[in-house]
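Good morning, everyone, and thank you for making time for this. Please have the sequence and the model open while I talk.

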Amino acid sequence: MQRVTGGVAVIPMLALLFIIAVLLAQAWPAILLNGGGFFTHTSFDLGNTYGAIVNTHGVRHPQGASYGVLGWALGTVESSAIALVLAVPVSVFAALAISERLPAYLGRVVGLFLGTLAGIPSVIIGLWGALTIGPLLAHRVYPLLAHLAPKVPVLSFFTGGTGNGQGLLTSGIVLGVMIIPIVASTTRDLVHSVPKLPKEGGEALGMTDWEVARRVTLRWVGPGIVGASVLGLARALGETMAVAMVSGVVLSGSPGSIFAPITTIAATIVTQLDSAFTDTSGFAVSSLAEAGLVLVLITLAVNVAGRLLVRRVASTALPVGRGV
Amino acid sequence: MTVTCSEHPASLQGRPAMRRKVADAAALAAGYVALAMIAVPTIWVVAGVLQRAVPGWSWGVLTHTGAAGAGGLENEILGSLVLTAGTLVLAGGVGVLAGIYLAEYATGPAGAVLRGASEVLAGIPSIVLGYVGYLALVVALHWSFSLAAGLVTLAVMTVPYVMKSTEVALRQVPSAYREGAEALGFSPLQALRRISLRTALPGIVTGILVALAISVGETAPLLYTAGFTSANPSAALVHRPIAFLTYAIWTFYNQPSKSAVQLSFDAALILLVIVLLLIVVGRVIVSLSERHAETR
Amino acid sequence: MSLSKRALAAVLVAAGIGLAACGSSSPPSGVGSTSATSGSATSASGSTVSAGSVPGTDLAPPSGTVNLSETGSTLLYPLFQAWAPAYHAAYPNVTITPQGTGSGTGISQAEAATIDVGASDAYLPPSAFTQYAGIENIPLAISAQQINYNVPGIHGHLKLSGQVIAKIYTGKITNWDDPAIKALNPGVSMPNLTIVPLHRSDGSGDTFIFTTYLTDSAPADWTAGFNTTVSWPSVAGALSAEGNGGMVTTCAKTRGCIAYIGISYHSQTQAAGLGEAMLQDKAGDFVLPDMATITSEAAGFIAKTPANESLSLVYGPAANGYPIINYEYAIVMTKQSSASTAQAIRAFLYWALDKAHGSAPRFLDAVHFQPLPPSVVALSDAQIAKIQ
């Protein structure tokens with residue numbers, strides 16, 4: 001039994017090594033040729049694929065091919081950051097309300113909602129984002145927001161044309177909805193793990209419920225909440241379909257306004273892989289692998305950080321990376 | 001971890017009672033707003049699908065194949081069920097066995113490495129798995145768009161969940177049970193099979209259900225591994241593409257024809273029903289096992 | 001079963017020179033993506049002309065069970081989707097599984113031999129022929145691309161030139177009442193409305209031929225090159241959409257929008273109320289895409305079509321020729337895994353090009369494609385004959 005199960009237990013590790021090996025092998029020509037410029041500019045230019053294939057530093061590529069991941073990476077990080085700004089306060093207040101104020105049965109009802117939201121496939125959330133909430137926000141809310149925002153540096157990011165609802169802010173909002181279940185249920189479990197004694201002590205001191213929550217519970221689980229948020233962030237960074245449906249997938253440049261269309265690394269790969277195949281030198285496919293590698297590294301760093309932080313406080317029952 | 005309440009209680013009483021009450025009420029209000037922000041999108045998304053799918057719903061979509069935004073969804077439904085059943089076998093088998101190893105035998109750094117690798121695997125974005133699946137399985141191994149390519153990709157994606165839940169469930173089996181089994185003269189293998197696994201079953205099944213829900217709802221990795229076809233699934237593992245529900249949602253939702261959009265939302269509705277069923281089954285199992293544990 | 005004249009001719013030629021070796025084809029072995037079993041012969045058609053013995057237009061597929069898989073262009077997909085059941089009805093032992101994925105996927109899978117027939121809106125680049133020995137792009141039909149717009153109050157067809165469209169997509173013309181647009185449309189009162197240029201968010205053969213038109217007709221204004229995805233110049237308010245379907249729905253929802261949409265979506269663009277532009281061709285005429293203008297444009301390229309049929313049909317010199325048309329290609333490797341697969345692919349492609357069968361109006365009209373001119377069919381037939 002030990003031998004059999006042990007043999008099987010290495011499969012996930014082998015799969016991981018295989019994936020990383022394939023990614024690295026695919027990305028290697030791109031890493032060589034794109035160099036550091038890959039990280040400092042934004043470009044998806046297949047080059048003249050109908051001209052001669054040229055050879056630079058031993059890497060074959062069409063003349064004029066140019067790839068830069070900066071804007072896609074910024075789009076990835078910015079949309080995920082907006083998702084966090086939305087999801088974390090909601091999750092924390094919800095978790096506190098569930099554990100400190102609501103009767104147990106209501107807590108279970110909220111748990112049901114969290115489970116359902118976590119289970120809704122991302123392409124269905126994408127439907128809602130692309131056909132319902134995106135257009136609604138673009139017509140009713142964004143113009144107001146853009147009108148209110150002052151035209152001064154930094155804040156002018158919140159002005160500009162509001163488009164048709166495909167863009168950075170809508171992506172962030174949709175991602176926020178998608179990661180609420182992860183952040184909220186992890187936070188709720190953390191809050192539940194706080195021992196009764198210090199809370200009761202706070203109450204004995206005459207603290208209000210909010211004061212107990214703020215001064216006792218939140219201090220107790222603080223690092224854990226950071227960890228839960230980071231797990232949610234990891235999910236948002238790698239999300240593909242919903243973002244491909246609401247971001248606008250604009251490959252060049254980073255947005256000048258929070259309403260402007262963007263792309264993320266994941267959305268770029270899923271929408272451009274077919275185009276990349278038309279480059280017979282393979283350089284486009286290779287460059288997308290390099291972008292994928294960047295995404296994996298960002299997600300990995302965030303995931304590891306999140307797990308370390310969560311583990312320091314409490315061990316959660318299920319892995320909470322991708323959610324359901 | 002210790003909590004240091006640095007502020008002296010006197011400082012609490014020093015603050016105006018009114019302000020403290022307002023803060024408390026505001027926090028409560030924020031809590032309710034937060035709960036609404038969880039409930040409203042959930043209801044909105046589900047209701048939105050119902051609202052667009054139900055009025056034009058025809059039971060014929062279940063029994064007719066289709067493509068290009070016309071016909072039915074039989075090929076997609078059967079394809080999704082086949083892919084999900086395959087995930088059950090593949091990810092379920094590998095995940096449970098691996099989980100048993102981690103819980104029962106893996107000690108020290110080896111277990112930590114395997115566990116870490118699996119968690120890293122769970123964090124790999126699904127489109128990256130699709131990319132690797134396309135280049136490695138579809139092209140390099142010459143499997144073409146196929147059931148096998150889609151299945152292996154889904155299994156790689158979901159094994160970590162089954163593995164982790166199996167390990168956790170086995171670890172939560174009280175050691176008294178094992179000791180009791182040992183006292184009864186069970187061999188370690190018998191103890192594992194008849195006591196530990198049986199006790200851990202609800203947790204394991206829940207993990208598998210999570211894996212199934214993930215696999216039935218995935219889109220990105222399947223686009224480049226399973227492909228699509230208007231035909232129902234065949235027995236062929238390779239060389240034959242297989243349809244899946246999320247393809248119909250993603251491909252038809254923005255088409256100008258009403259029938260295509262209807263099919264997209266029909267597919268979304270069917271998918272929601274499948275996912276909600278999996279969630280309900282999971283809940284029932286958990287609550288049954290809790291009740292069972294209480295009466296024991 | 002009624003054979004076409006071409007097939008009949010082939011049969012006669014074959015019989016005349018005594019090559020009609022009945023039943024000489026050995027039972028094919030199931031290799032690669034084709035599973036072949038002998039014994040389920042359907043008609044005598046297979047025995048009239050022996051398998052693969054005559055380079056001609058043999059319409060008979062092999063007698064065993066054959067599965068052909070097709071993937072690629074989403075523009076060709078509806079046509080394959082109509083062809084597959086019709087062909088299966090004629091030859092029940094042959095099953096064709098079409099998929100609409102994208103031209104790039106069609107090319108890449110044909111190269112990798114993971115698919116029997118790839119489909120592409122774009123012709124293969126020269127580098128493909130050197131890199132993949134034996135790869136062929138075989139035109140099956142002629143498609144065109146409409147330029148559509150959503151400008152309320154404009155009835156009739158706006159006249160546009162490649163130069164004006166290039167300036168719109170580079171942000172140099174931003175309003176529908178721009179003097180350049182007015183100059184092309186004297187007497188039309190153009191509204192003061194911001195132009196929203198729409199482009200594809202996914203890689204697309206439509207983007208390929210559209211940007212080819214811009215490159216050819218307005219080289220000074222369009223420098224982003226031509227490809228299935230290009231670096232779109234940044235234009236304030238520009239939008240993108242997924243697929244031709246997404247282009248139609250997004251344009252219909254967006255006042256001021258301009259979009260490029262495959263002709264196979266013609267009925268949808270009409271139903272959505274989008275305007276359809278008359279485009280300026282090289283001769284200076286303004287034309288709509290219809291049978292006459294597409295045929296006229298294609299005729300100008302017949303003599304130029306090389307033996308490998310890799311050719312852009314955009315912005316040709318023909319008078320009254322619609323300037324954005326293209327061959328829709330099957331991408332096939334000449335070397336197949338088995339003789340029966342090769343025979344099935346040949347037979348199917350001959351059938352597809354036959355005006356009595358696959359290129360009949362009942363198939364092409366639904367997607368607004370035009371059949372190939374006879375001399376181009378002959379070139380395609382010659383390429384098909386090389387598939388072994």
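How do the residues of the lining of the second largest pocket divide into nonpolar, polar and charged? The model in front of you is a predicted one, and in it that lining divides into 21 nonpolar, 22 polar and 6 charged residues. The second largest pocket has a volume of about 970 Å³, and of the 49 residues that line it, the closest to its centre are Thr251(B), Gln255(B), Thr74(C), Gly100(C) and Tyr265(C). If we look at which elements give two or more residues to this lining, chain A supplies helix H10, residues 265-277, and chain B supplies H10 and helix H11, the latter spanning 258-295. From chain C come helix H3 (77-90), helix H4 (103-111), helix H9 (243-253) and helix H13 (361-367).

Let me stay for a moment with H10 of chain B, residues 245-252. Of its 8 residues, 7 are buried, so this helix is largely enclosed by the rest of the structure. The buried ones are Leu245(B), Thr246(B), Tyr247(B), Ala248(B), Ile249(B), Trp250(B) and Phe252(B).

Turning from pockets to enclosed space, the structure holds 7 cavities of 30 Å³ or more. The second largest cavity contains about 110 Å³ of space, and 16 residues line it, those closest to its centre being Leu251(A), His199(C), Thr229(C), Val230(C) and Trp232(C). Its lining divides into 6 nonpolar, 8 polar and 2 charged residues.

Next, the salt bridges, of which there are 13 over all chains. I would like to concentrate on a group in chain B, beginning with Glu167(B), which forms a salt bridge with Arg115(B), with the closest N and O atoms 2.8 Å apart. Because Glu167(B) lies in helix H6 of chain B and Arg115(B) in helix H4, residues 108-123, of that chain, the pair ties together parts that are 52 residues apart in sequence. As for accessibility, Glu167(B) counts as buried at 6% relative accessibility, whereas Arg115(B), at 24%, counts as partly exposed.

A further bridge links H6 and H4 of chain B, in this case through Lys164(B) and Glu119(B), which are 45 residues apart. Their side chains meet at 3.1 Å, N to O. Both ends fall under the 20% cut-off for buried, with Lys164(B) at 19% relative accessibility and Glu119(B) at 13%.

Glu167(B) also has a partner within its own helix, since Arg171(B) and Glu167(B) are 4 residues apart in H6 and are therefore separated by about one helical turn. In general terms, an α-helix has 3.6 residues a turn, so residues three or four places apart point the same way. The closest N and O atoms of the Arg171(B) and Glu167(B) bridge are 3.0 Å apart, and Arg171(B) counts as partly exposed, at 44% relative accessibility. Elsewhere, salt bridges that share partners join Arg101(A), Asp209(A) and Asp24(B) into one network.

There are two backbone details that I would ask you to look at in the model. Most residues other than glycine have a negative phi. Ser144(B), however, has a positive phi near 60 degrees, and this residue is found in the loop between helix H5 (126-140) and helix H6 (147-171) of chain B. Ser144(B) counts as buried, with 3% relative accessibility. In chain C, Tyr315(C) likewise has a positive phi, of about 55 degrees, and it lies in the loop between helix H11 (291-302) and strand E12 (325-333); at 17% relative accessibility, Tyr315(C) counts as buried.

Where, on the outside, is there a nonpolar surface patch? One of about 240 Å² is made by Leu136(A), Val40(B) and Trp44(B). Leu136(A) lies in helix H5 of chain A, residues 122-148, and is partly exposed, with a relative accessible area of 36%.

Finally, a word on chain A as a whole. It has 11 helices and 4 strands, and 61% of its 324 residues count as buried. Its C-alpha atoms fill a box of roughly 80 × 65 × 30 Å, taken along the principal axes.

Note on methods:
Residues are numbered from 1 along each chain as its sequence is written. Chains are lettered from A and ligands numbered from 1 in the order in which they are written. This is a predicted model: local features need pLDDT of at least 70, side-chain atom pairs count only at pLDDT 80 or more; totals for chains, interfaces and linings use all residues. Side-chain values use heavy atoms; hydrogens and water are left out. On a 1 Å grid over the protein atoms alone, a cavity is a set of points where a 1.4 Å probe fits but cannot get out, and a pocket is an open set with protein on both sides within 12 Å along at least five of seven lines; lining residues have an atom within 4 Å of a point. Grid points are joined across faces, edges and corners, and a volume is the space filled by probe spheres set on the points. Ala, Val, Leu, Ile, Met, Phe, Trp, Tyr, Cys and Pro count as nonpolar, Asp, Glu, Lys and Arg as charged, and the others, Gly among them, as polar. Patches are made of residues with over 30% relative accessible area and no salt bridge: like charges are joined within 9 Å, nonpolar side chains (Val, Leu, Ile, Met, Phe, Trp, Tyr) within 5 Å. Accessible areas come from the Shrake-Rupley method with a 1.4 Å probe; for residues, only the protein chains shown count as cover. A salt bridge is a side-chain nitrogen of Lys or Arg within 4 Å of a carboxyl oxygen of Asp or Glu. Buried means under 20% relative accessible area, exposed over 50%, partly exposed in between (1.4 Å probe, protein chains only).
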